[in-house]
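Visitor: I would like a close look at a single part of this model. Could you take me through one strand and what lies on either side of it, and then turn to one residue elsewhere in the chain?

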Amino acid sequence: MKKVFTALSALLIASTTAFAGSFPERDITNVVVWSAGGGTDVSNRVVSAELAKALGVNVNVINKPGGVAGSIGMSHVAQKPADGYTIVGLSESCVTAGVQGGWDKKMDIWYPFIIGGSPDLISVSANSPYNTLTELVEAAKKNPRAIKASAGGAGSIHHLNLLAVMKGTGAEFNFIPYAGSAPAQTAAMTGEVTVVVTSLAEQQQLLKGGKLRALATLTNSGQNLEGVGDIPSAFSAYSSLSEHLPISQAIGMAVRNDAPDAVKEKLSMAFKTALDSAAVKEWAAKNYYVLSGKTGAEARKEFANLESLFGWTLHDLGAAKISPEKLAIAKP
Amino acid sequence: MDLFNDFGIFFSTLFSLMSSPSNILLLFGCSFLGIIFGALPGLTATLGVALLTTLTYGMGVNTALIALLGMYVGAIYGGSYPAILINIPGTAAAAATAMDGYPLALKGEGGRALGLTTTASFIGTVIGMIALVMAAPLITGIALQFTSYEFFLLAIFGIVISGTLTSKDLVYKGWIAGLLGLLLACIGRDRLQFFPRFTFDMPELDGGIEVVPVLIGAFGIPQIIKVLRDRIKLSQPKDFGRILPEFSTVLHNMKHIFRSAMIGIGIGTVPGVGEDIAGWVSYGTAKNTSKNPENFGKGEPAGIVSSETANNACIGGALIPLLTLGIPGSPPAAMLLGALMLHGVTPGPMIGLENPSFFIEICAILLLASLAMWINGIFLARQVVKLLQIPTAVFLPIVGVLCVIGSYALGLNIFNLYLMVPIGIVAYFLTEMKYPIAPLVIGVILGPMADENLRRALMVSDGSFMPFFERPVAILLILVIVLTVLTRLPIYQRLKSSIWTRISSKQGQQSEK
């Protein structure tokens, strides 16, 4: 009898460890909080496909855009069980969901895996009269709010970059919100707006095709783009920008932080394998992405920093609906 | 010389793709799957392409495109099956097809309607493909004519025209249904400033009303109740032998087909506006230009041919801005954009330089996809019609279950069911009061577009409405909307008849002299 018991309990233990160790047993859904074809969407699709190879199950990417800073997609995933079968595809812009009233949670509910990002550029319509950032800023100073600018949705990283440009240069643009980077760029092509701030990855085809004209990168260093030439750093014309910039993208995916450690571990390993794959590396180089690969505590820290930076910047700009203090977000 | 070269690439792509049996299998498999996706309420072309995208990751670009375009073309076509057979469109794109397809099916000519749809869809896709290869640079310009002003007007036009066309009773009822749809579309956080509207603090309503549960609830539930209540016989078994494409009818409707294809391509080109509006606009134009518009809505073959040609021609149109500017022309095309980028192809103005033969290859694949759809369609239609032989009392409850599953399948969200059932019940009473349902659904689909773009347009113009009257495309759209509304008003009809009588009496007097 005792033997049977030991055998049974051994079996039970074996089966439970097997259960934890056998994650994933079925397909994983990656809910991307931005619309299809954007930077977050495509990065998540490329990495998810490699992740699927590493995990041996499908990783289905779906889009759930909308709400405030991706709050609808994030709430959706946060309501799913913390079993690792539903992950969220997100970006740095999602950290503003709390202060903008999209939801009442902080980013610390996530355990993120950071893919990386592409530097932001400030560009203008191809037929606009501005050839340098200085020309544009001077024109905007002469006629405050007369020049229209797009930068994705309100509270997106591109919007924050645009706000930082306004703050650092003293130029005032009339910000027109769009559902994402792609429609914002289209608006600059149709002439509905003059200025557009989105990332190099999102703009490069249009810059090379002469549909948009790049004025400056919003990072410390300029960028050479074949067929276009050198794009200078905005910092060289306006050194005061370094007080507000750069605000870098952190595109990635995340699982609920209260998921079992074994699941988080397994996903982290698979994520690192995916980022190391030739396919992802080649894709990143071709599309002007800088890969990060941060996971675990490191990635949580980066998101916490971004949350505090974004939250308090928005608060200072009067664009935050809910005080970051109320959400216990530390000052940067 | 260039054209010659292009033809060479076109045919060599066709042959190289078709020389591999696995490609043929994939093509027909995905096309078949697409038709099923389109036919099942709740599963749409957009969802189908999205689900298939990650599965294609391991394939080459061309092979992946065979799968994805096969799915896309099949799904746009498949929506017409339930529209014709049971008056529940499988996708919003097929809603206009139900207008004449279902009456035909009730007459026992469901097989004929399916045969016509199949051929019309095929021809539509092919004409769309030709436009893609011949006129892409020319048409690209259209996409850039559309700014917030035009998008708002286009959305309003879509709602007005579907309201105008579907009213069997007073035309006002169609417009009222459209406005109800717009009202439903207002629910949720507004997309520019995130202000919650009509959400009653329910987080499920934050993202607004999903289209699919509304589509299924509003079309499906009233139809199921009606058929079961009135014991409508869905088919006369003797009559569905003729499925093969009747080339004579198709030839007879050639002018409808050609015009509808042009409309479909044009609407496909406009970013973000897709197959659903194309079907309605084309149906409306067919009715307005027809010699006997009174036949429309009672089983007029020209009606089905028009809407089905247009929604499939839309595919080629939607690919034009996608490939030349990186702007998807329709929701499923947005999914294709993701798929292309996943395969390392960034569509945009440089694609012709970076990947010169890509354009032609896509056209070849689109042709294959439409061929596969046609062959699958001809075989499937014969079998599908037999479904109607199943006793109604068994068949419709199954449809009901499919409706529930279809609503739930979208994001596996139980809230969608809480949404679908009340909307279905309200829709039942609305149809009892002779309010058409299609404009309500179109209102929900186009509402966010109308709302967001109107407010953005006013932001851009600092609150002035003047730009609406200063932009050529906007003026054109306003004129069309005003005309559509005016010509339906009783006062216009009376004016018209009084002018006619005056003219004819004058002529009478003159001839007497």
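Guide: What follows is a walk around strand 3 of chain A and then a look at A:Tyr130, in a model that is predicted. Strand 3 of chain A runs over residues 86-90 and is mostly covered, with five of its five residues buried. In a regular strand the side chains alternate between the two faces of the sheet. Here one side carries A:Thr86, A:Val88 and A:Leu90, while A:Ile87 and A:Gly89 belong to the other, and both faces are covered.

Strand 3 of chain A also has partners. With strand 1 of chain A, residues 28-32, strand 3 pairs in the parallel sense over four bridges, and A:Thr29 stands opposite A:Thr86. With strand 12 of chain A, residues 251-256, strand 3 pairs in the antiparallel sense over three bridges, and there A:Val88 stands opposite A:Ala254.

The residue to set beside this strand is A:Tyr130, which lies in the loop between strand 5 (120-125) and helix 4 (133-142) of chain A. A:Tyr130 counts as buried because it has 20 C-beta neighbours inside 10 Å, and 20 or more is what the term buried requires. Leaving aside neighbours within four places in sequence, A:Tyr130 is in contact with A:Val124, A:Glu135, A:Leu136, A:Ala139 and A:Leu215. A:Ala299, by contrast, is 169 residues away along the chain, and its C-alpha atom is separated from that of A:Tyr130 by 39 Å.

Technical notes: Residues are numbered from 1 along each chain as its sequence is written. Chains are lettered from A and ligands numbered from 1 in the order in which they are written. This is a predicted model: local features need pLDDT of at least 70, side-chain atom pairs count only at pLDDT 80 or more; totals for chains, interfaces and linings use all residues. Helices (H or I, at least four residues) and strands (E, at least two) are DSSP runs, numbered from the N terminus. A residue is buried if 20 or more other C-beta atoms lie within 10 Å of its own, exposed if 12 or fewer, and partly exposed in between; C-beta atoms are placed from the backbone. Two residues are in contact if their C-beta atoms, placed from the backbone, lie within 7 Å. Two strands pair if DSSP finds at least two bridges between them.
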